[in-house]
Amino acid sequence: MNVATDHLVVRYAGQATPALDGVTMEVPTGSLYAILGPNGSGKSTLMRALLGVAPAESGHAMLDGRATATWSREDLARSVGAVGQAESIAFPITVRELVGMGRYPHLSPLAAEGDRDRTAVAAALAACDLLELARRDVTTLSGGEFQRARIARALAQEPRALVLDEPTNSLDVRHQMAILELLRESADRGMTVVLITHSLDLAAQFADHMLLLSEGRVAAEGTPADVLSERILTDVYRWPISVHRDASTGVHTITPLRSGSSAT
Amino acid sequence: MTRWSLGFLLLAALAFSVVFGVRFGSVPLSFIEVAGALTGGGTDIARDIVVGLRLPRTLLGVLVGGGLAMAGATFQALLRNPLAEPYILGVSGGASVGAVLVLAFGWASAGSWALPLAAFIGALVAIVLVFRVATASGRPMDVRVLLLAGVVVAAFFSACIALILSISSARTVQSAVLWIMGSLAGANWRSVVVTAAYTLPACVALMALARPLNLMAVGEDTALYLGADVERVKRRALLIAALITASGVAVAGVIGFVGLVVPHGIRMIVGSDHRALLPLSFLAGATFLTLADLVARVVLAPAEIPIGVITAFVGVPFFLLLLRRSLYAG
């Protein structure tokens with residue numbers, strides 16, 4: 001699925017400066033696309049615009065070339081699975097019920113789950129290594145398990161694109177890597193994956209393309225090699241940052257330097 | 001316990017409580033006399049009591065109890081708040097002002113319909129007021145604003161009631177207080193038909209919203225991402241639940257506790273899938289209120305205890321027990 005924006009401007013009510021100010025980007029189908037940027041640079045707003053939740057003041061956010069604002073919620077949910085930054089569960093539900101919610105856009109209001117729905121949920125549970133936790137109350141899960149359950153729910157939607165806002169936040173190394181491996185596999189199977197993250201290293205390791213936002217504008221876009229330059233990062237994050245490229249793997253590692261030292 | 005076995009259990013319990021409700025009362029009647037009255041035979045007095053009083057009163061209990069419990073489950077889901085109950089939007093306050101006005105000005109003599117009608121209008125005024133505040137300026141409806149508006153509007157209505165009562169006669173004050181405490185004593189066939197005409201279609205309409213209500217448990221944003229038209233679901237479900245509450249308050253006064261506790265109890269047993277939670281709450285609320293009314297009119301017969309006293313006396317220990325058990329089980 002093609003995910004793109006064209007000179008997109010989004011402004012929250014009563015704000016003088018727009019949250020997104022003329023952002024143009026395009027996510028190639030079947031790639032893992034990382035959206036990076038400091039706090040408040042507009043990453044989450046961009047996600048909300050791509051999902052048709054934050055209305056565009058001018059320009060467009062588009063899915064398959066059609067403005068997101070013209071999609072019905074159900075159509076959109078059948079095509080795009082989304083995992084927001086935070087989620088609080090109001091009432092105890094099981095992991096199976098949470099993941100089953102992913103079938104919502106595929107079911108008519110009164111229909112019960114059919115074989116296809118059960119297959120999709122089982123596949124999503126398996127992909128996220130949750131089969132043994134299916135009957136657990138989600139409010140008793142660890143942070144990593146809960147994130148996996150939310151991603152499984154998005155997979156159960158059987159979407160063509162996934163959009164995730166900091167899914168690895170507050171997870172330990174193993175769980176971070178497990179989630180990124182899962183997203184990488186999905187992208188390799190043709191899923192378009194848009195990943196908002198603060199982890200420059202994970203993005204460098206897994207992403208095909210990346211977008212660096214700064215104060216609502218595009219600071220850089222392209223391959224990791226294009227975007228992850230010391231000059232650009234130091235400029236955008238307003239902090240000295242050193243970038244090292246591993247000669248054998250070609251992967252960049254990013255190290256913020258101690259205050260007072262200068263980037264080399 | 002599975003939802004189906006609980007469903008059959010509650011259905012049986014409701015059937016029994018309706019039979020008991022018709023069978024027992026302050027005037028002792030045998031089963032044969034009751035059966036005779038129901039089939040058109042028996043004495044005139046027995047027919048008056050059974051067909052004219054007990055049967056409509058019991059059926060009204062079914063409708064009001066079931067409706068309140070279902071409305072409570074809906075409010076809890078939409079406001080994502082386990083403390084939500086049907087009166088949270090000020091519906092009871094508006095209805096009470098309407099009823100108290102009728103009592104204070106002696107309009108009740110115009111006919112038995114005057115008081116419920118005024119109460120219903122008062123409830124509608126409260127609903128419109130709260131909704132207008134929460135949906136101002138074309139923004140999406142914010143349930144926190146809705147809650148706050150409900151609390152504030154309820155406080156305003158309380159002040160209105162206090163004002164009216166402070167300049168009313170002692171007799172008016174007594175009947176107003178009794179009305180506010182809630183009672184099914186005013187039941188007649190007309191109130192049963194009118195309440196059924198409001199409550200039953202509204203309950204069916206709520207059932208059609210069961211799946212989107214499930215999504216509200218994970219938050220409005222996530223529900224949107226999963227394909228629910230959150231704004232429409234919220235407005236529709238809130239309005240329907242408020243109307244159910246309004247029709248219940250109009251005919252039975254402010255009966256507390258059913259709408260708060262019954263959905264909780266059901267949730268603890270079968271979980272939060274509203275496709276099961278809503279209908280099971282209706283059955284349990286109907287059973288609970290019918291039995292509570294039976295106790296209210298039998299224990300001190302021929303005097304009656306306010307039904308809200310019974311719902312609280314029976315409901316609180318039961319609920320605390322459930323709460324304790326579910327805490328240890330979890």
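**Figure 1. Packing of helix α9 of chain A against four strands in the predicted model**. The buried residues of α9(A) pack against β9 (209–214), β10 (217–222), β11 (241–245) and β12 (252–256) of chain A. The helix itself spans residues 230–237, and its buried residues are A:L233, A:V236 and A:Y237. Viewed down the axis of α9(A), these buried residues lie within an arc of 85 degrees, so they line one face of the helix. An α-helix has 3.6 residues a turn, so residues three or four places apart point the same way. Just after α9(A), the backbone at A:R238 adopts a positive phi of about 50 degrees.

**Figure 2. The side of chain B that touches chain A**. In this contact, 20 residues of chain B meet 21 residues of chain A. Helices α9 (210–216) and α10 (220–225) of chain B each contribute at least two residues to the side of chain B that touches chain A. The largest share of that side, 4 residues, is supplied by α10(B). Sorted by class, the side of chain B that touches chain A comprises 8 nonpolar, 6 polar and 6 charged residues.

**Figure 3. The helical fold of chain B**. Chain B contains 14 helices and 0 strands; read from the N terminus on, its elements therefore run α-α-α-α-α-α-α-α-α-α-α-α-α-α, a helix being a DSSP run of at least four residues. A compact globule of 330 residues would have a radius of gyration near 20 Å, and the 20 Å of chain B agrees with this expectation. Along the principal axes, the C-alpha atoms of chain B fill a box of roughly 65 × 50 × 35 Å. Of the 330 residues in chain B, 52% are buried. Among contacts in chain B between residues at least 6 apart in sequence, 77% join residues at least 24 apart.

**Figure 4. Surroundings of B:W4 in helix α1 of chain B**. The tryptophan B:W4 belongs to helix α1, which covers residues 3–23 of chain B. B:W4 has 10 C-beta neighbours inside 10 Å and therefore counts as exposed, the cut-off for that class being 12 or fewer. B:W4 and B:F319 are separated by 315 residues in sequence, and their C-alpha atoms are 22 Å apart in space.

Note on methods. Residues are numbered from 1 along each chain as its sequence is written. Chains are lettered from A and ligands numbered from 1 in the order in which they are written. This is a predicted model: local features need pLDDT of at least 70, side-chain atom pairs count only at pLDDT 80 or more; totals for chains, interfaces and linings use all residues. A residue is buried if 20 or more other C-beta atoms lie within 10 Å of its own, exposed if 12 or fewer, and partly exposed in between; C-beta atoms are placed from the backbone. The arc is that of the directions from the helix axis to the C-beta atoms. Two residues are in contact if their C-beta atoms, placed from the backbone, lie within 7 Å. Ala, Val, Leu, Ile, Met, Phe, Trp, Tyr, Cys and Pro count as nonpolar, Asp, Glu, Lys and Arg as charged, and the others, Gly among them, as polar. The radius of gyration is taken over C-alpha atoms; the globule rule is 2.2 Å times the number of residues to the power 0.38.
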